[in-house]
Amino acid sequence: MHTDLTGIAPSRPTPSMRSLLLTVCCVALSVATPIAAQAPPPPASKSSAIDTTQNPAVRVYVDCQGAGCDYDFFRDDVKWANFVRDRLVSDVVLLVTSLRTGSGGSEYTIAAIGQDRYRGRADTVVVYTNPNDSDDLIRRQLARSFGLLLAPYAARTPLASRLTLTYAVPSLINGTPVKLARDPWNYWVYRLSVNGFSSGEKQQSFSNSFLSTSANRVTKEYKVSLSANLGYDQSRFQFADGGSFTNIQRNYGADALIAKSVNNHVTIGATVGASFSDFNNYDLNLRIAPAIEWNLFDYKDFTRRQVTAYYSLGVAALRYQDTTIYNRIAETRPLHNLTVSWNARQPWGSVNMSVFGSQYLHQLSYNSYGVSGFVDLRIAKGLALNVGGNYSRVNDQLFLRKGILTDNQVIARQQALATSFRYFLNFGISYTFGSITNSVVNPRFGGGGRGGNQMMFSF
């Protein structure tokens, strides 16, 4: 049924009705306005991130490498910070460095370095992980430490009213915090590793096996490291004329190191090493060398900067598989070594440079020396440059076999070849531009549309 309302005039309120409506509206506005002004904002959902792109959140640049450095996880976990991709537009730089501990775990040093209006402020937190900790546990510990370091900066932003700080009470025994248990291993850590692979096709095959074992004890005063290894490589090639060529490389050896801290700048110690090598013609290469190391900076700053000079003086007892180009089957020679290194990791990038040299003392012309290094620089906003490599002059190949190698032996690198120099070089440059405030994490199509996520088993 349809009712046609065309032509019907709307009814007008009477004067008394208009007065009543005006009174009700005035009362409603006078009551609603203060209530709306005093009403607290609704609580933020724990599952949703604060839109840091539209809020003056603290801007953070993270320089982190190695296990646990999961940038997507950091952005998703620390929702109240704005992670930017360029340090030049950040309020805080989180510089993360890591070193292996005596137990086989890692020591992460996290430095929060203020920039712009926070320039001059720096804080540091140290995080220790165990050798069997998963990557997920490591990244959660790093994210928690990030939050502790960034809290003082976030407290000065409008987001401070939405932040809370909690504390996990430690386990207690009779009201006393639990003490660290006595180490039954007395700081010793042992490791045994076995690896191998094999691949091939109709005319060629490759196999490799490697066994290693180590024992290490690291304390504040002493460092002791013992290791042994055994390696076997085999390559086989079948030629079209029916012939074949097999290349077998065997190597094994053992090393020992002991070092003692003298003070915050000096360490003394000694190294001992013995090895067998088909490639280098060694039936026995035994080296014993006391050594000393001096660090320009205090060792407590080692994660950020080091300038070290390492010097060793020792003796090498050499026994060869075949007669050398110097017509020797065995010899004992004194030698020394000097290495000067500079390592730095700062907000502008990192530098690792070394100048090294070694020399046999029975004849000073038998020596080798060179330089190696790697530089990673953040040149300007979005622009990064990295250059690395090494170059050395070689004049100390006492182990070279006498005789001429076949073409197959040269191509397969069955034996070391005479040379007067070695070098390696790598170079890279990158430029990134676009949004610097997008902290959104979206894991969809993480496989790039090429079959989705993959599963891998490792033993």
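Among the contacts in the protein with a separation of 6 or more, 56% are between residues that lie 24 or more positions apart, where contact means heavy atoms within 4.5 Å. The model is a predicted one, in which local features need pLDDT of at least 70 and side-chain atom pairs count only at pLDDT 80 or more, while totals for chains, interfaces and linings use all residues. Residues are numbered from 1 along each chain as its sequence is written, and side-chain values use heavy atoms, with hydrogens and water left out.

**Overall make-up**

- The protein contains four helices and 19 strands; helices (H or I, at least four residues) and strands (E, at least two) are DSSP runs, numbered from the N terminus.
- Of the 459 residues in the protein, 29% are buried, a word that stands for under 20% relative accessible area, whereas exposed stands for over 50% and partly exposed for what is in between (1.4 Å probe, protein chains only).
- The accessible surface of the protein comes to about 30,100 Å², and 58% of that surface belongs to carbon and sulfur atoms; such areas come from the Shrake-Rupley method with a 1.4 Å probe, and for residues only the protein chains shown count as cover.

**The sheet of five strands**

- Strands of a sheet pair through backbone hydrogen bonds, either parallel or antiparallel, and here two strands are said to pair if DSSP finds at least two bridges between them.
- One open sheet has five strands in the order β2-β1-β3-β4-β5, and its pairing is mixed.
- The edge strands of this sheet are β2 (82-83) and β5 (122-129), each of which pairs on one side only.
- Helix α3 (residues 135-154) packs on the sheet and touches β1, β3, β4 (106-114) and β5, and the direction of the helix makes about 160° with that of β5; axes are lines fitted to C-alpha atoms, for helices over the stretch in contact, and angles run from 0 to 180 degrees between N-to-C directions.
- Within the sheet, strand β1 (residues 59-63) pairs with strand β3 (residues 92-100) in the parallel sense over four bridges, and Val62 has Leu94 as its bridge partner in β3.

**The sheet of twelve strands**

- Another open sheet has twelve strands with antiparallel pairing, in the order β8-β9-β10-β11-β12-β13-β14-β15-β16-β17-β18-β19.
- Strands β8 (188-200) and β19 (421-431) stand at the edges with a single partner strand each, so one side of each is left without a neighbour in the sheet.
- From one strand to the next, the twist averages 10°.
- Strand β12 (residues 266-277) and strand β13 (residues 282-295) run antiparallel and are joined by eleven bridges, and Ser275 stands opposite Asn285 in β13.

**Strands β8 and β9**

- Strand β8 pairs with strand β9 (residues 204-218) in the antiparallel sense over 13 bridges, and the two strands form a hairpin with three residues between them.
- Across this pairing, Leu192 stands opposite Thr213 in β9.
- Only one of the 13 residues of β8 is buried, so β8 lies largely in the open.
- Ser214 lies in strand β9 and counts as buried because its relative accessibility is 18%.
- Leaving aside residues up to four places away in sequence, Ser214 touches Val189, Tyr190, Arg191, Leu226 and Ser227.

**The disulfide**

- A disulfide is a covalent bond between the sulfur atoms of two cysteines, and the rule applied here asks for a pair of cysteine sulfur atoms within 2.5 Å.
- The count by this rule comes to one disulfide, which joins Cys64 to Cys69 with an S to S distance of 1.9 Å.
- The torsion about the S-S bond of Cys64 and Cys69 is about -60°, so the disulfide is left-handed.
- Cys64 is buried, with a relative accessible area of 5%, and Cys69 is buried as well, with a relative accessible area of 16%.

**Aromatic rings**

- Rings of Phe, Tyr and Trp (its six-membered ring) pair if their centres lie within 6.5 Å, with planes under 30 degrees apart counted as stacked, over 60 as edge-to-face and the rest as tilted.
- The count by this rule comes to 13 aromatic pairs, among them the edge-to-face pair of Phe73 and Phe74, with 6.5 Å centre to centre and 70° between the planes.
- Phe73 and Phe74 are both buried, and they belong to one aromatic cluster formed by Tyr71, Phe73, Phe74 and Phe146.
- Phe421 and Tyr423 form a stacked pair, with 6.3 Å centre to centre and 15° between the planes.
- Phe421 counts as partly exposed at 38% relative accessibility, whereas Tyr423 counts as exposed at 61%.
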